[in-house]
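Biologist: I want to follow the reasoning behind the labels, not just read them. Can we go through them one at a time?

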Amino acid sequence: MNSPANQTTAAGAQVVTFVIGEATYGVDIPCVQEIRGWSAVTRLPQAPADVLGVLNLRGTIVPVLDLRLKFGSTDVQYTPVTVIIVVSVMGAKGPREYGMVVDGVSDVIDVAPDDIRPAPEMGAGGTYVRGLVAVAGRMIVLLDVNQLLGAEFPAVDPEDATRAA
Amino acid sequence: MTIDLSQFHDAFFDESFEALDAMEAALLQLDAGSPDPEMINTIFRAAHSIKGGSATFGFGEIASFTHSLETLLGELRDRRISVTQRISDALLKSVDVMRELLLSAKGKQPISMKFVTDLQSEIELMIEQRETLDAPAPVLGTVAATAPADAVEWDIALRPGPDFFAQGIDPLRIFRELAALGALEVTAHLDALPDCRTLEPARCYLRWSLRLLSPAPEAVVREIIAWVNADCTVTRAGHAAAAHPAPVVPAVQAGSAAEAGSIRVGVEKIDELINIVGELVITHAMLNQTSRGVTGPVGDALRSGMQQLERNMRQLQESVLRTRMLPISVVFSRFPRMVRDLAQRLEKQIELRIVGETTELDKTVLEKIGDPLVHLVRNCVDHGVEKSALRAAAGKEATGTVILKASHRGGNVVIEVSDDGGGLDPERILAKARAAGLVGPHETLAPEQIQELIFAPGLSTAETTTDVSGRGVGMDVVRRNIADLGGKIEVHSERGHGSHFVITLPLTLAIVDGLSLAVGDQTYIVPMTSTIESLRLTPSQVTCIADGREVFGFRDEYLPIVRLYKTFGLTPRTRVLHEGLVVVVEGAGRRIGLFVDDLLSQQQVVIKSLETNYGRVPGVSAATILGDGSVALILDVVDLIRIASLREAA
């Protein structure tokens, strides 16, 4: 589970699906580090509204992004059943970890590459949608976490990063 | 099959650079006139090991140059040439040349050979002219105390370990050098040699017995095998085997730096250990909190167990952190040379005294403190200490003194740089500061405040800009670099009696002593080194000045109040100043009062980077994990002051 997968879903690859509001989304399973229940985060001053703060994940400080806020939900609640999906993406200086808050995790499904339909043109921000796939009558939006989080957390200037290290 | 030697290059370069440092240090102590034979030996051994290594690895230029150098050193050691200023200068220059050569070999860069060959010919000339340079000095307690006039038979047993060849040692070279001393008989013992199918070509299965008939003194013979990391004995034939094992200690460790056996470990391995121990501390704190809720005999047992665990963990943490510590001599060692060269160029007489060079501090701190110290020492030499005539006129000794001192004080390392020169000139500093617009024309300042001004950006009091110092960048950069390390710098100076700079640094960058503060539902840590005092204000102490800015009186000055909940956009428990607390913090020479809800405790926290996964956060330097597993941000006081002053300016 340690190596974040950057490649597109290979034949028979598995996808973790989760729900936000009415919609179902999916991310490649190799990106997912763990799924954990909601716990209070430490706020970061002057962070964007959808960046809730940081969390201690076994000694690493992990930023938490509320995907619901990012995707336009306004009425979000934080209850014990709210879920944080911890994903690992490849940054310039190695793997980086982020938490994504969603309403709930639903399933792990197999997706064949042939079943993936390209996403319709969605304008700005659409680059993190890798495609759509229909499973059992439901439409699942496959997300590219590298694109999604890479845009949200731009790479830190390596000079700067050494200061607090 | 050939062995790829390039895999050993890094080790060779590391060791060679260390050998050069040892050479340089010994050379500087050699200056005094009557050379200490042990010093010459140290230099000789260092040159010898570089020569051996470079020949093995095929760095012909280095080997050739060091060969000439070694010949000269040999002459010095055997007192056929005595140490003069000219020679010690040439030797120092050759250290530079060898460093250049090694650097170019390491970076595989071509290098201008002109100055190498020039110096080499100069050295060779010195060797040729030895008769005319001076008469041979009488042999006074030379290295070879047992130097026999007649040929003596030496028995040498060489029992190398299996990784002998992998260390890049060529036994043939040793044999050739020994053979140069006299008649040599070599017997190889092949009894441990396996048959061809199981033989590993890179492994050494051989042993040798050598018999040398030579008039050479014992020290010379030992010298040749000294850099062989193998079990090796030298005995006089016929004598009982009072077998001294050959010194396995590499030449670089000769002299004061001698220490017990050591191994090279990658810094990242140590950092990993430090991280894991940091985890352990956090986990322990969490368990500790849980154990408080357990009642009855089980709870008591649990708590006493936790206490024991805590003691062990503290020890573990200290030990692990100590592995990253290096003596400050690593940094101090460059100064004798620098001061000597500078003093020569500036025609001043300066003695550098170094105190406490064994004081240890974190490797990262050590690496970053070098430049600021160079700057301070240069300033002392250039602006601080006066020329001899001036000193004599002021009734001081002709030779000025610069003192570099390191010591432990509490959980900090204190480095002091002081000189007995002219001291800071408050009037000139003030005039400069007024000219630069740093101080208003009618503002009056206390003497300490004037001295503080030297750390202001864009202020250089040097009358003429020399190539040594006075380029206008300087003390402000020094202060910033030190602040980046979580330390601070102060200056005390008395006109006519010199200046005294005191740098206080944390022992390590992994842990900080902090005060935890509460604002709303958040906890913040402010480093103890930045905190002056915390106090509860009464309404009468606070003065509102224009547009909602508040100040309060604190020790003869007025400090702005920064409400942390406003800066960070939080909902506090109280907005009323006298209900919360004000913590006076200091950064980059300025002070502010931070208004917070409450003080929680003083504790040591493990510093965690926020930037690995996130990025820079204004007003925050890093994060840490508290006992309950939650994250707390560590405040960057300098940045908070900057933000506050931006707001003021707006």
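Modeller: Start with pairing: two strands pair if DSSP finds at least two bridges between them. Keep in mind that this is a predicted model.

Biologist: What makes S18 and S20 of chain B a pair?

Modeller: The cut-off is at least two bridges. Strand S18 (residues 557-563) and strand S20 (residues 590-596) of chain B have 3 bridges, so they pair, and in the parallel sense. As for one bridge, B:Ile561 has B:Gly593 in S20(B) as its partner.

Biologist: Which sheet of chain B holds these strands?

Modeller: An open one of 6 strands, in the order S15-S19-S20-S18-S17-S16 (chain B), with mixed pairing. Strand S15 (531-535) and strand S16 (542-545) of chain B are the edge strands, as each pairs on one side only. On average, neighbouring strands in this sheet are turned by 35 degrees against each other, direction ignored.

Biologist: Now chain A. Why are S8 and S9 of chain A said to stand at the edges?

Modeller: The order is S8-S1-S2-S10-S9 (chain A), an open sheet of 5 strands with mixed pairing. Strand S8 (104-111) and strand S9 (129-135) of chain A each have a single partner strand, so one side of each lacks a neighbour in the sheet. Here the average turn between neighbouring strands is 30 degrees, direction ignored.

Biologist: How do you know that S2 and S10 of chain A pair?

Modeller: Same test: at least two bridges are needed. Strand S2 (residues 23-28) and strand S10 (residues 138-143) of chain A have 3 bridges, so they pair, in the parallel sense. A:Tyr25 has A:Val141 in S10(A) as its bridge partner.

Biologist: On to helices. Why is H1(B) called roughly antiparallel to H4(B)?

Modeller: Helix H1 (residues 9-30) and helix H4 (residues 85-106) of chain B pack at about 170 degrees, with their axes 10 Å apart. Angles over 145 degrees count as roughly antiparallel, so H1(B) is roughly antiparallel to H4(B). Their crossing is left-handed.

Biologist: Which residues of H1(B) and H4(B) meet?

Modeller: Among them are B:Phe13, B:Phe17 and B:Leu20 in H1(B), and B:Leu91, B:Leu92 and B:Val95 in H4(B). By class, this contact has 11 nonpolar, 2 polar and 3 charged residues.

Biologist: How many residues does each chain give to the contact between chains?

Modeller: Chain B gives 31 residues and chain A gives 23. S22(B) supplies the largest share of the chain B side, 5 residues. By class, that side has 14 nonpolar, 12 polar and 5 charged residues.

How values were computed. Residues are numbered from 1 along each chain as its sequence is written. Chains are lettered from A and ligands numbered from 1 in the order in which they are written. This is a predicted model: local features need pLDDT of at least 70, side-chain atom pairs count only at pLDDT 80 or more; totals for chains, interfaces and linings use all residues. Two residues are in contact if their C-beta atoms, placed from the backbone, lie within 7 Å. Helices (H or I, at least four residues) and strands (E, at least two) are DSSP runs, numbered from the N terminus. Ala, Val, Leu, Ile, Met, Phe, Trp, Tyr, Cys and Pro count as nonpolar, Asp, Glu, Lys and Arg as charged, and the others, Gly among them, as polar. Axes are lines fitted to C-alpha atoms, for helices over the stretch in contact, and angles run from 0 to 180 degrees between N-to-C directions. Angles under 35 degrees count as roughly parallel, over 145 as roughly antiparallel, 65 to 115 as roughly perpendicular and the rest as oblique. A crossing is left-handed if the near helix is turned anticlockwise from the far one by less than a right angle, and right-handed if clockwise.
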